[in-house]
Amino acid sequence: MEKSLAELERIQTQILERISKLELSSSASLPQHNSTPIPTSTQNDAVGATEARLSAILRANGVKDFAFKRVPADYYDWSLDDRRDVLGAASVHHLCKSIVLVNTQAQSSVVDCSDRNNSKYYVVVVQYTARFNAEAVKNFLYSLNEGKIAKKKFNLRLAPEETSVELTGFEHNGVTCVGMKTDIPVILDEAIQKLSPDFFWLGGGEIDLKLGIRTSEFINFVKPFIVSCSST
């Protein structure tokens with residue numbers, strides 16, 4: 001009897017090992033590139049709390065053309081080409097990120113985001129393929145305030161990660177402009193507005209969750225400042 005049980009246990013172990021190998025083999029392969037945005041309804045992952053919350057916010061604000069995509073944990077170790085393929089993005093130029101900036105030279109009275117024209121913090125959305133130009137944002141804000149604030153009072157720098165998390169509620173690589181804890185004014189790089197097709201990808205609220213959205217609908221909802229603030 002003991003011999004039979006041992007044999008059965010050995011067979012079960014072999015079966016589990018084979019299943020594990022099959023799962024690893026399946027997860028290692030990338031989907032074929034498809035420039036058509038992936039509809040939300042086709043996602044094969046269960047909808048998590050973050051996706052459900054952000055989806056509700058988007059729909060409540062008239063955004064209809066968007067999609068969430070869950071990516072592997074090592075996504076940020078991949079090349080931009082591989083990231084494009086797994087998301088089904090139109091090109092690597094359609095892969096974007098949201099970064100929180102702090103005005104380190106703001107007037108002492110400027111401590112929050114209550115004045116979007118002269119905020120302590122801004123979220124800038126730029127392409128991964130572009131180089132962010134902080135000086136362009138500085139010049140834009142100076143002009144926006146009609147020169148009433150000295151240019152030296154604008155010095156935009158990357159906010160510390162703990163500050164970014166506190167303001168947005170999202171971790172590094174998961175920052176998105178939707179559903180932030182703080183209503184931080186957003187600056188969209190003009191190059192993204194000019195993309196064709198006009199559907200780009202950015203963080204989706206979690207490190208391994210990405211959001212694809214129609215550019216025109218993003219602009220109508222978020223109402224960002226559109227600034228030419230990058231170079232290739």
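User: Before we look at helix H4, what does buried mean here, and what kind of model is this?

Analyst: Buried means under 20% relative accessible area, exposed means over 50%, and partly exposed lies in between, with a 1.4 Å probe and protein chains only. This is a predicted model, in which local features need pLDDT of at least 70 and side-chain atom pairs count only at pLDDT 80 or more, while totals for chains, interfaces and linings use all residues. Residues are numbered from 1 along each chain as its sequence is written, and side-chain values use heavy atoms, with hydrogens and water left out.

User: Which residues of H4 are buried, and what do they pack against?

Analyst: Helices (H or I, at least four residues) and strands (E, at least two) are DSSP runs numbered from the N terminus. In H4, residues 134–144, the buried residues are Ala-136, Val-137, Lys-138 and Leu-141. They pack, with contact meaning heavy atoms within 4.5 Å, against several strands, including S3 (121–127) and S9 (225–227).

User: Why are S1 and S7 called edge strands?

Analyst: Two strands pair if DSSP finds at least two bridges between them. The open sheet of three strands has the order S1-S8-S7, with antiparallel pairing. Strand S1 (66–70) and strand S7 (199–206) each have a single partner strand, so one side of each is left without a neighbour in the sheet. S1 and S8 (residues 209–214) pair over five bridges, and Ala-67 stands opposite Gly-212 in S8.

User: What makes Arg-214 and Asp-65 a salt bridge?

Analyst: A salt bridge needs a side-chain nitrogen of Lys or Arg within 4 Å of a carboxyl oxygen of Asp or Glu. In Arg-214 and Asp-65 the closest N and O atoms are 2.6 Å apart, so the pair meets that cut-off. Arg-214 is in strand S8 and Asp-65 in the loop between H2 and S1, 149 residues apart. Asp-65, Asp-198 and Arg-214 are linked in a network of salt bridges.

User: Why does Asp-65 count as partly exposed, and is Asp-85 buried or exposed?

Analyst: Asp-65 has 26% relative accessibility, and because this value lies between the two limits, Asp-65 counts as partly exposed. Asp-85, whose side chain meets that of Arg-84 in a salt bridge (3.0 Å, N to O), has a relative accessible area of 16% and is therefore buried.

User: What do Glu-206 and Arg-70 tie together?

Analyst: Their side chains meet in a salt bridge at 2.6 Å, N to O. Glu-206 lies in strand S7 and Arg-70 in strand S1, so the pair ties together parts that are 136 residues apart in sequence. Glu-206, at 24%, is partly exposed, and Arg-70, at 22%, counts as partly exposed.
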